[in-house]
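Subject: Structure handover

Hello,

Here is the structure we spoke about, passed on for your own look. My notes follow below it.

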Amino acid sequence: MEYETIAAISTPMGEGAIAIVRLSGSEAVEIADRLYKGKQALNSVDSHTIHYGHLIDPDTDEVAEEVMVSLMRGPRTFTREDIVEINCHGGLVSVNRVLELVLRSGARLAEPGEFTKRAFLNGRIDLSQAEAVIDLIRAKTDRAMNVALNQMEGRLSTLIAKLRQQLLETVAHVEVNIDYPEYDAEEMTQNLLTSQLKEVEEEIKSILITARQGKILREGLSTVIVGRPNVGKSSLLNSLVHENKAIVTDVPGTTRDVIEEYVNVRGVPLRLVDTAGIRETEDLVERIGVERSRERLKQADLILLVLNYNDELTDEDKKLFEAVAGMDVIVIVNKTDLDEKLDLSKVKELAEEHPMITTSLKNEEGVDELEKSISELFFAGSVESQDLTYVSNSRHIALLEQSRKTLEDALGAVEAGMPVDMVQIDITRTWELLGEIIGDTVSDSLIDQLFSQFCLGK
Ligand code: GDP
Ligand code: ZN
(Lines give C-alpha, C1' and ligand atoms only; values in the text may rest on other atoms or scores of the structure.)
(Ligands and ions follow the chains in the order given, each with its own letter.)
Protein backbone atom coordinates (compact mmCIF):
# COMPACT_ATOMS: atom_id res chain seq x y z
CA MET A 1 0.00 0.00 0.00
CA GLU A 2 1.19 3.50 -0.86
CA TYR A 3 1.26 6.18 1.79
CA GLU A 4 1.77 9.77 0.80
CA THR A 5 4.82 11.04 2.63
CA ILE A 6 4.11 13.68 5.25
CA ALA A 7 6.52 15.83 7.23
CA ALA A 8 6.43 18.15 10.22
CA ILE A 9 8.55 19.58 12.99
CA SER A 10 7.97 17.16 15.85
CA THR A 11 9.78 18.95 18.66
CA PRO A 12 8.26 21.93 20.51
CA MET A 13 8.68 25.31 18.92
CA GLY A 14 11.24 27.60 20.45
CA GLU A 15 14.83 27.37 21.55
CA GLY A 16 16.03 23.83 22.16
CA ALA A 17 19.40 22.22 21.69
CA ILE A 18 18.11 20.02 18.91
CA ALA A 19 15.00 19.91 16.82
CA ILE A 20 13.53 17.05 14.83
CA VAL A 21 11.80 17.05 11.48
CA ARG A 22 9.91 13.83 11.01
CA LEU A 23 8.87 12.22 7.75
CA SER A 24 6.46 9.33 7.43
CA GLY A 25 5.26 7.52 4.34
CA SER A 26 6.26 5.33 1.44
CA GLU A 27 8.78 7.81 0.05
CA ALA A 28 10.24 9.00 3.34
CA VAL A 29 13.65 7.43 2.71
CA GLU A 30 13.78 8.44 -0.94
CA ILE A 31 12.93 12.07 -0.15
CA ALA A 32 15.54 12.23 2.61
CA ASP A 33 18.14 10.69 0.28
CA ARG A 34 17.61 13.51 -2.22
CA LEU A 35 18.99 15.89 0.40
CA TYR A 36 21.24 13.78 2.59
CA LYS A 37 24.95 13.36 2.05
CA GLY A 38 26.87 11.06 4.39
CA LYS A 39 28.93 7.88 4.31
CA GLN A 40 26.11 5.85 2.83
CA ALA A 41 22.86 6.54 1.07
CA LEU A 42 19.97 6.08 3.47
CA ASN A 43 18.27 3.47 1.29
CA SER A 44 21.23 1.15 1.84
CA VAL A 45 21.47 1.36 5.65
CA ASP A 46 19.88 -0.97 8.20
CA SER A 47 16.57 -0.08 9.73
CA HIS A 48 16.54 1.57 13.16
CA THR A 49 19.97 3.12 12.81
CA ILE A 50 21.17 6.71 13.05
CA HIS A 51 23.60 8.48 10.69
CA TYR A 52 25.69 11.60 10.72
CA GLY A 53 25.84 13.77 7.61
CA HIS A 54 24.77 16.96 5.89
CA LEU A 55 21.72 18.18 4.03
CA ILE A 56 22.57 19.70 0.68
CA ASP A 57 20.25 22.26 -0.86
CA PRO A 58 19.58 20.76 -4.32
CA ASP A 59 19.11 24.20 -5.89
CA THR A 60 22.45 25.65 -4.80
CA ASP A 61 24.44 22.47 -4.05
CA GLU A 62 25.46 24.12 -0.80
CA VAL A 63 25.48 22.55 2.64
CA ALA A 64 22.29 23.66 4.38
CA GLU A 65 22.53 21.81 7.68
CA GLU A 66 24.60 19.44 9.75
CA VAL A 67 22.32 16.59 10.79
CA MET A 68 21.84 13.21 12.44
CA VAL A 69 19.30 11.13 10.58
CA SER A 70 17.42 8.18 12.08
CA LEU A 71 15.84 5.72 9.76
CA MET A 72 13.09 3.33 10.78
CA ARG A 73 11.39 1.08 8.32
CA GLY A 74 7.76 0.12 8.80
CA PRO A 75 5.95 -1.66 10.23
CA ARG A 76 8.04 -1.43 13.41
CA THR A 77 7.39 2.31 13.73
CA PHE A 78 4.88 4.62 15.35
CA THR A 79 2.87 5.02 12.15
CA ARG A 80 3.77 1.55 10.82
CA GLU A 81 5.12 3.38 7.76
CA ASP A 82 8.75 4.18 6.93
CA ILE A 83 9.88 7.00 9.20
CA VAL A 84 12.90 9.26 8.85
CA GLU A 85 13.75 11.68 11.63
CA ILE A 86 16.15 14.46 10.86
CA ASN A 87 17.82 15.85 13.98
CA CYS A 88 19.15 19.31 13.39
CA HIS A 89 20.22 22.30 15.47
CA GLY A 90 17.47 23.79 17.58
CA GLY A 91 16.17 27.23 16.84
CA LEU A 92 13.54 28.31 14.43
CA VAL A 93 15.76 29.19 11.50
CA SER A 94 17.52 25.89 11.01
CA VAL A 95 14.55 23.67 11.74
CA ASN A 96 12.37 25.63 9.37
CA ARG A 97 15.04 25.40 6.70
CA VAL A 98 15.11 21.60 7.05
CA LEU A 99 11.34 21.40 6.88
CA GLU A 100 11.30 23.59 3.83
CA LEU A 101 13.90 21.38 2.14
CA VAL A 102 11.97 18.16 2.68
CA LEU A 103 8.77 19.80 1.46
CA ARG A 104 10.56 20.97 -1.67
CA SER A 105 11.86 17.44 -2.20
CA GLY A 106 8.42 15.91 -2.32
CA ALA A 107 6.92 15.59 1.17
CA ARG A 108 3.63 17.18 2.11
CA LEU A 109 3.21 19.19 5.31
CA ALA A 110 1.39 17.01 7.85
CA GLU A 111 -1.96 18.10 9.15
CA PRO A 112 -2.31 18.47 12.92
CA GLY A 113 -2.35 15.00 14.43
CA GLU A 114 -1.74 13.26 11.15
CA PHE A 115 1.10 11.07 12.40
CA THR A 116 -1.09 9.80 15.22
CA LYS A 117 -4.01 9.45 12.85
CA ARG A 118 -1.91 7.19 10.65
CA ALA A 119 -0.84 5.17 13.66
CA PHE A 120 -4.52 4.68 14.37
CA LEU A 121 -5.59 3.98 10.78
CA ASN A 122 -2.72 1.52 10.33
CA GLY A 123 -3.83 -0.33 13.42
CA ARG A 124 -0.86 0.63 15.57
CA ILE A 125 -2.94 2.20 18.34
CA ASP A 126 -6.63 2.35 19.14
CA LEU A 127 -8.70 5.49 19.43
CA SER A 128 -8.50 5.88 23.19
CA GLN A 129 -4.73 5.64 22.96
CA ALA A 130 -4.72 8.25 20.21
CA GLU A 131 -6.79 10.56 22.37
CA ALA A 132 -4.39 10.00 25.22
CA VAL A 133 -1.73 11.53 22.99
CA ILE A 134 -3.83 14.70 22.86
CA ASP A 135 -4.12 14.65 26.62
CA LEU A 136 -0.42 14.09 26.96
CA ILE A 137 0.30 17.16 24.90
CA ARG A 138 -2.02 19.16 27.09
CA ALA A 139 -1.20 17.53 30.43
CA LYS A 140 -0.88 20.26 33.02
CA THR A 141 0.76 18.46 35.89
CA ASP A 142 2.91 15.37 36.31
CA ARG A 143 -0.02 13.50 37.73
CA ALA A 144 -2.18 14.32 34.75
CA MET A 145 0.71 13.19 32.60
CA ASN A 146 0.77 9.79 34.32
CA VAL A 147 -2.93 9.31 33.75
CA ALA A 148 -2.50 10.08 30.09
CA LEU A 149 0.43 7.70 29.90
CA ASN A 150 -1.55 4.91 31.51
CA GLN A 151 -4.32 5.39 29.05
CA MET A 152 -1.90 5.41 26.19
CA GLU A 153 -0.54 2.11 27.33
CA GLY A 154 -4.00 0.79 26.71
CA ARG A 155 -5.31 0.21 30.22
CA LEU A 156 -8.71 1.64 29.46
CA SER A 157 -8.78 -0.19 26.15
CA THR A 158 -8.10 -3.50 27.84
CA LEU A 159 -10.87 -2.92 30.33
CA ILE A 160 -13.37 -1.89 27.67
CA ALA A 161 -12.43 -4.82 25.45
CA LYS A 162 -13.07 -7.19 28.34
CA LEU A 163 -16.53 -5.72 29.01
CA ARG A 164 -17.43 -5.91 25.32
CA GLN A 165 -16.38 -9.54 25.25
CA GLN A 166 -18.64 -10.27 28.21
CA LEU A 167 -21.56 -8.59 26.46
CA LEU A 168 -20.81 -10.44 23.25
CA GLU A 169 -20.94 -13.76 25.07
CA THR A 170 -24.22 -12.79 26.65
CA VAL A 171 -25.65 -11.86 23.27
CA ALA A 172 -24.34 -15.10 21.80
CA HIS A 173 -26.23 -17.09 24.42
CA VAL A 174 -29.38 -15.10 23.73
CA GLU A 175 -28.96 -15.70 19.99
CA VAL A 176 -28.70 -19.43 20.54
CA ASN A 177 -31.97 -19.33 22.40
CA ILE A 178 -33.71 -17.37 19.70
CA ASP A 179 -32.37 -19.30 16.75
CA TYR A 180 -32.49 -22.77 18.23
CA PRO A 181 -35.28 -22.82 20.76
CA GLU A 182 -35.01 -26.61 20.88
CA TYR A 183 -31.35 -26.36 21.89
CA ASP A 184 -31.86 -25.85 25.58
CA ALA A 185 -28.55 -27.11 26.91
CA GLU A 186 -27.76 -23.75 28.37
CA GLU A 187 -30.91 -21.76 28.51
CA MET A 188 -30.40 -18.09 29.21
CA THR A 189 -32.66 -17.77 32.19
CA GLN A 190 -33.80 -14.42 33.41
CA ASN A 191 -31.58 -14.69 36.49
CA LEU A 192 -28.46 -15.53 34.57
CA LEU A 193 -29.07 -12.70 32.11
CA THR A 194 -29.62 -10.27 34.98
CA SER A 195 -26.47 -11.29 36.81
CA GLN A 196 -24.30 -11.07 33.69
CA LEU A 197 -25.59 -7.63 32.80
CA LYS A 198 -25.30 -6.40 36.38
CA GLU A 199 -21.66 -7.46 36.43
CA VAL A 200 -20.88 -5.29 33.40
CA GLU A 201 -22.93 -2.44 34.82
CA GLU A 202 -20.96 -2.51 38.07
CA GLU A 203 -17.69 -2.34 36.17
CA ILE A 204 -18.87 0.64 34.15
CA LYS A 205 -20.02 2.37 37.33
CA SER A 206 -16.65 1.94 38.98
CA ILE A 207 -14.86 3.32 35.92
CA LEU A 208 -17.18 6.32 36.07
CA ILE A 209 -16.36 6.95 39.71
CA THR A 210 -12.75 7.58 38.74
CA ALA A 211 -13.94 9.85 35.96
CA ARG A 212 -14.43 12.83 38.22
CA GLN A 213 -10.83 12.73 39.39
CA GLY A 214 -9.76 12.19 35.82
CA LYS A 215 -11.62 15.24 34.61
CA ILE A 216 -10.08 17.31 37.36
CA LEU A 217 -6.60 16.16 36.48
CA ARG A 218 -7.15 16.94 32.88
CA GLU A 219 -9.06 20.20 33.02
CA GLY A 220 -8.11 21.50 36.41
CA LEU A 221 -10.26 21.75 39.50
CA SER A 222 -12.44 24.73 38.85
CA THR A 223 -12.17 26.83 41.96
CA VAL A 224 -13.99 29.98 42.97
CA ILE A 225 -12.99 32.24 45.83
CA VAL A 226 -15.96 33.95 47.47
CA GLY A 227 -16.29 36.35 50.36
CA ARG A 228 -17.38 39.83 51.30
CA PRO A 229 -15.28 42.79 50.16
CA ASN A 230 -12.04 43.23 52.06
CA VAL A 231 -11.87 39.78 53.67
CA GLY A 232 -8.70 38.86 51.73
CA LYS A 233 -9.80 37.22 48.47
CA SER A 234 -7.16 38.93 46.35
CA SER A 235 -4.53 38.20 48.96
CA LEU A 236 -5.50 34.53 48.91
CA LEU A 237 -5.40 34.40 45.14
CA ASN A 238 -2.01 36.03 45.11
CA SER A 239 -0.48 33.70 47.64
CA LEU A 240 -1.86 30.65 45.83
CA VAL A 241 -0.48 31.90 42.55
CA HIS A 242 2.86 33.00 43.94
CA GLU A 243 3.64 30.05 46.16
CA ASN A 244 2.84 27.59 43.45
CA LYS A 245 4.10 27.18 40.01
CA ALA A 246 1.61 28.88 37.75
CA ILE A 247 0.65 26.60 34.92
CA VAL A 248 0.84 28.13 31.52
CA THR A 249 -2.34 27.59 29.62
CA ASP A 250 -2.16 27.18 25.92
CA VAL A 251 -5.08 24.90 25.24
CA PRO A 252 -5.82 25.66 21.60
CA GLY A 253 -9.27 26.52 20.41
CA THR A 254 -10.87 27.21 23.76
CA THR A 255 -12.28 30.65 24.14
CA ARG A 256 -13.68 31.34 27.55
CA ASP A 257 -15.49 34.35 28.82
CA VAL A 258 -13.81 33.99 32.19
CA ILE A 259 -10.28 34.80 33.12
CA GLU A 260 -8.58 31.81 34.66
CA GLU A 261 -5.33 31.05 36.32
CA TYR A 262 -3.89 27.60 36.76
CA VAL A 263 -1.79 26.64 39.72
CA ASN A 264 -0.45 23.28 40.73
CA VAL A 265 -1.26 22.66 44.39
CA ARG A 266 0.41 19.41 45.47
CA GLY A 267 -0.49 17.69 42.24
CA VAL A 268 -3.98 19.12 42.05
CA PRO A 269 -4.27 21.50 39.13
CA LEU A 270 -6.44 24.33 40.41
CA ARG A 271 -8.23 26.38 37.83
CA LEU A 272 -8.96 29.63 39.62
CA VAL A 273 -12.01 30.94 37.87
CA ASP A 274 -13.06 34.53 37.58
CA THR A 275 -9.86 35.91 38.88
CA ALA A 276 -10.54 39.06 36.89
CA GLY A 277 -13.58 39.62 39.04
CA ILE A 278 -11.47 39.40 42.15
CA ARG A 279 -8.58 41.40 40.84
CA GLU A 280 -10.48 44.24 39.22
CA THR A 281 -13.99 44.87 40.38
CA GLU A 282 -13.68 42.90 43.63
CA ASP A 283 -17.27 41.90 43.52
CA LEU A 284 -18.33 38.90 41.50
CA VAL A 285 -21.99 39.41 42.28
CA GLU A 286 -21.98 43.02 41.22
CA ARG A 287 -20.05 42.31 38.08
CA ILE A 288 -21.99 39.46 36.56
CA GLY A 289 -25.29 39.68 38.37
CA VAL A 290 -26.65 37.55 41.17
CA GLU A 291 -28.19 34.85 39.00
CA ARG A 292 -25.20 34.29 36.81
CA SER A 293 -22.79 34.31 39.70
CA ARG A 294 -24.90 31.68 41.44
CA GLU A 295 -24.79 29.58 38.30
CA ARG A 296 -21.07 29.98 38.10
CA LEU A 297 -20.76 28.92 41.70
CA LYS A 298 -22.77 25.79 40.99
CA GLN A 299 -20.40 24.84 38.20
CA ALA A 300 -17.36 25.06 40.42
CA ASP A 301 -15.66 21.93 41.75
CA LEU A 302 -14.36 23.74 44.80
CA ILE A 303 -15.36 26.86 46.71
CA LEU A 304 -12.97 28.75 48.92
CA LEU A 305 -15.19 30.77 51.23
CA VAL A 306 -13.27 33.51 52.99
CA LEU A 307 -14.36 35.17 56.25
CA ASN A 308 -12.80 37.96 58.28
CA TYR A 309 -11.64 36.98 61.80
CA ASN A 310 -11.58 40.64 62.67
CA ASP A 311 -15.23 41.26 61.88
CA GLU A 312 -18.56 39.99 63.06
CA LEU A 313 -20.48 37.48 61.00
CA THR A 314 -22.93 39.28 58.72
CA ASP A 315 -26.07 38.26 56.86
CA GLU A 316 -24.04 38.40 53.68
CA ASP A 317 -21.67 35.77 55.07
CA LYS A 318 -24.62 33.58 55.97
CA LYS A 319 -26.07 33.98 52.49
CA LEU A 320 -22.79 32.80 51.04
CA PHE A 321 -22.98 29.65 53.14
CA GLU A 322 -26.48 29.06 51.80
CA ALA A 323 -25.40 29.64 48.21
CA VAL A 324 -22.71 26.97 48.40
CA ALA A 325 -24.70 24.36 50.32
CA GLY A 326 -24.00 20.84 49.10
CA MET A 327 -20.78 21.73 47.34
CA ASP A 328 -17.14 21.06 48.15
CA VAL A 329 -16.27 24.02 50.32
CA ILE A 330 -13.24 24.98 52.37
CA VAL A 331 -13.96 27.72 54.89
CA ILE A 332 -11.08 30.11 55.40
CA VAL A 333 -11.00 32.39 58.41
CA ASN A 334 -8.50 35.10 57.54
CA LYS A 335 -6.76 37.89 59.43
CA THR A 336 -6.05 35.88 62.57
CA ASP A 337 -3.24 38.33 63.33
CA LEU A 338 -5.95 40.81 64.30
CA ASP A 339 -8.38 40.71 67.22
CA GLU A 340 -11.04 38.03 67.33
CA LYS A 341 -14.42 39.50 66.54
CA LEU A 342 -15.84 36.58 64.61
CA ASP A 343 -17.98 34.06 66.47
CA LEU A 344 -15.95 30.96 65.62
CA SER A 345 -18.39 28.50 67.16
CA LYS A 346 -21.10 29.95 64.96
CA VAL A 347 -18.85 29.60 61.92
CA LYS A 348 -18.15 25.96 62.80
CA GLU A 349 -21.87 25.37 62.94
CA LEU A 350 -22.38 26.91 59.50
CA ALA A 351 -19.39 25.09 58.07
CA GLU A 352 -20.88 21.74 59.08
CA GLU A 353 -18.59 18.97 57.88
CA HIS A 354 -16.52 21.21 55.60
CA PRO A 355 -12.91 21.79 56.54
CA MET A 356 -12.14 25.10 58.23
CA ILE A 357 -8.72 26.68 58.00
CA THR A 358 -7.45 29.77 59.80
CA THR A 359 -5.00 32.01 57.99
CA SER A 360 -3.15 35.25 58.31
CA LEU A 361 -2.39 35.95 54.71
CA LYS A 362 -0.58 39.11 55.74
CA ASN A 363 1.92 37.00 57.70
CA GLU A 364 1.81 34.17 55.18
CA GLU A 365 0.40 31.82 57.78
CA GLY A 366 -2.02 28.96 57.13
CA VAL A 367 -1.55 28.63 53.39
CA ASP A 368 0.25 25.29 53.84
CA GLU A 369 -2.69 23.88 55.78
CA LEU A 370 -5.03 25.13 53.12
CA GLU A 371 -3.05 23.42 50.39
CA LYS A 372 -2.96 20.20 52.38
CA SER A 373 -6.69 20.40 52.82
CA ILE A 374 -7.23 20.91 49.08
CA SER A 375 -5.14 17.91 48.12
CA GLU A 376 -6.77 15.73 50.79
CA LEU A 377 -10.17 16.62 49.49
CA PHE A 378 -9.37 15.34 46.04
CA PHE A 379 -6.80 12.66 46.47
CA ALA A 380 -8.16 11.01 49.58
CA GLY A 381 -7.16 7.39 49.96
CA SER A 382 -6.88 5.09 47.02
CA VAL A 383 -7.58 7.66 44.36
CA GLU A 384 -3.94 8.61 44.53
CA SER A 385 -2.90 5.13 43.48
CA GLN A 386 -1.20 5.02 40.15
CA ASP A 387 -2.87 1.74 39.23
CA LEU A 388 -6.21 3.35 38.66
CA THR A 389 -7.36 3.75 35.15
CA TYR A 390 -8.77 7.23 35.23
CA VAL A 391 -11.13 8.11 32.47
CA SER A 392 -10.20 11.67 31.78
CA ASN A 393 -11.74 12.30 28.43
CA SER A 394 -15.21 13.81 28.32
CA ARG A 395 -16.13 11.89 25.17
CA HIS A 396 -15.27 8.64 26.94
CA ILE A 397 -17.24 9.67 30.00
CA ALA A 398 -20.30 10.52 27.92
CA LEU A 399 -20.11 7.15 26.15
CA LEU A 400 -19.73 5.31 29.43
CA GLU A 401 -22.75 7.14 30.85
CA GLN A 402 -24.76 6.19 27.78
CA SER A 403 -23.59 2.59 28.04
CA ARG A 404 -24.70 2.47 31.63
CA LYS A 405 -28.11 3.82 30.66
CA THR A 406 -28.69 1.30 27.88
CA LEU A 407 -27.63 -1.48 30.23
CA GLU A 408 -30.15 -0.22 32.76
CA ASP A 409 -32.79 -0.34 30.01
CA ALA A 410 -31.76 -3.90 29.24
CA LEU A 411 -32.01 -4.87 32.89
CA GLY A 412 -35.39 -3.19 33.16
CA ALA A 413 -36.59 -5.10 30.12
CA VAL A 414 -35.45 -8.42 31.58
CA GLU A 415 -37.22 -7.67 34.85
CA ALA A 416 -40.40 -6.69 33.04
CA GLY A 417 -40.32 -10.09 31.33
CA MET A 418 -39.81 -8.66 27.85
CA PRO A 419 -38.88 -11.11 25.10
CA VAL A 420 -35.12 -11.73 24.89
CA ASP A 421 -34.77 -10.31 21.40
CA MET A 422 -35.92 -6.96 22.79
CA VAL A 423 -33.27 -7.17 25.48
CA GLN A 424 -30.72 -8.07 22.88
CA ILE A 425 -31.20 -4.73 21.12
CA ASP A 426 -30.13 -2.87 24.26
CA ILE A 427 -27.19 -5.17 24.86
CA THR A 428 -25.97 -4.74 21.29
CA ARG A 429 -26.32 -0.99 21.62
CA THR A 430 -24.21 -1.04 24.78
CA TRP A 431 -21.60 -3.07 22.99
CA GLU A 432 -21.52 -0.52 20.17
CA LEU A 433 -21.28 2.43 22.57
CA LEU A 434 -18.34 0.86 24.36
CA GLY A 435 -16.80 0.16 20.97
CA GLU A 436 -16.90 3.84 20.15
CA ILE A 437 -14.52 4.50 23.03
CA ILE A 438 -11.83 2.37 21.44
CA GLY A 439 -12.79 3.37 17.92
CA ASP A 440 -14.24 0.11 16.75
CA THR A 441 -17.58 1.44 15.61
CA VAL A 442 -16.96 5.09 14.94
CA SER A 443 -17.74 6.92 11.77
CA ASP A 444 -15.09 8.63 9.66
CA SER A 445 -16.23 12.14 10.47
CA LEU A 446 -15.79 11.51 14.18
CA ILE A 447 -12.27 10.30 13.53
CA ASP A 448 -11.41 13.37 11.47
CA GLN A 449 -12.78 15.66 14.10
CA LEU A 450 -10.79 13.98 16.84
CA PHE A 451 -7.48 14.04 15.04
CA SER A 452 -7.80 17.66 14.00
CA GLN A 453 -7.35 18.55 17.67
CA PHE A 454 -3.76 17.41 17.66
CA CYS A 455 -0.82 19.73 17.62
CA LEU A 456 1.15 19.82 14.43
CA GLY A 457 3.92 17.28 14.27
CA LYS A 458 2.45 14.69 16.60
P1 GDP B 1 -10.64 41.29 49.04
O2 GDP B 1 -11.40 42.56 48.93
O3 GDP B 1 -11.46 40.22 49.65
O4 GDP B 1 -10.01 40.86 47.77
O5 GDP B 1 -9.47 41.56 50.10
P6 GDP B 1 -7.95 41.93 49.82
O7 GDP B 1 -7.15 40.72 49.60
O8 GDP B 1 -7.88 42.99 48.81
O9 GDP B 1 -7.54 42.48 51.25
C10 GDP B 1 -8.16 43.61 51.84
C11 GDP B 1 -7.20 44.22 52.83
O12 GDP B 1 -6.94 43.33 53.89
C13 GDP B 1 -5.85 44.55 52.23
O14 GDP B 1 -5.40 45.75 52.76
C15 GDP B 1 -4.97 43.40 52.69
O16 GDP B 1 -3.60 43.79 52.81
C17 GDP B 1 -5.56 43.11 54.03
N18 GDP B 1 -5.31 41.73 54.46
C19 GDP B 1 -5.44 40.61 53.75
N20 GDP B 1 -5.12 39.54 54.53
C21 GDP B 1 -4.82 39.99 55.74
C22 GDP B 1 -4.42 39.37 56.98
O23 GDP B 1 -4.30 38.14 57.10
N24 GDP B 1 -4.21 40.19 58.03
C25 GDP B 1 -4.33 41.55 57.96
N26 GDP B 1 -4.09 42.24 59.04
N27 GDP B 1 -4.68 42.15 56.81
C28 GDP B 1 -4.93 41.40 55.72
ZN1 ZN C 1 -8.94 42.56 46.70
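Ser234 counts as partly exposed, because it has 16 C-beta neighbours inside 10 Å and a residue is called buried only from 20 upwards. Please keep in mind that this is a predicted model. Ser234 sits in helix α8, and the unreviewed UniProt entry lists Ser234 under "binding site", together with Thr255.

The surroundings of ligand 1 fit into the same part of the notes. Of the 17 residues around ligand 1, those that come nearest are Gly232, Lys233, Ser234, Ser235 and Lys362. Helix α8, which covers residues 233–243, gives the most to this shell, with three residues. Sorted by class, the shell holds seven polar, five charged and five nonpolar residues.

The other element I went through is helix α16. Helix α16 runs over residues 420–437, 18 residues in total, and spans 26 Å from its first C-alpha to its last, close to the 26 Å expected at 1.5 Å a residue. Its buried residues are Val423, Asp426, Ile427, Thr430, Trp431, Leu433, Leu434, Glu436 and Ile437. As background, residues three or four places apart in an α-helix point the same way, because there are 3.6 residues a turn.

Glu436 belongs to α16 and is a charged residue. Glu436 counts as buried because 21 C-beta neighbours lie inside 10 Å, where the cut-off is 20 or more. The C-alpha atom of Glu436 is separated by 9.8 Å from that of Leu400, 36 residues away along the chain. After α16 comes Gly439, with a positive phi near 80°.

Regards

Conventions. Residues numbered from 1 in each chain as written. Chains lettered and ligands numbered in written order. Predicted model: local features only at pLDDT ≥ 70, side-chain atom pairs only at ≥ 80, totals over all residues. Near = placed C-beta within 6 Å. Helix = DSSP H or I, 4+ residues; strand = E, 2+ residues; numbered from the N terminus. UniProt positions renumbered as here; feature names shortened; annotations may be inferred. Buried ≥ 20, exposed ≤ 12 C-beta atoms within 10 Å, placed from the backbone. Expected span 1.5 Å × (residues − 1).
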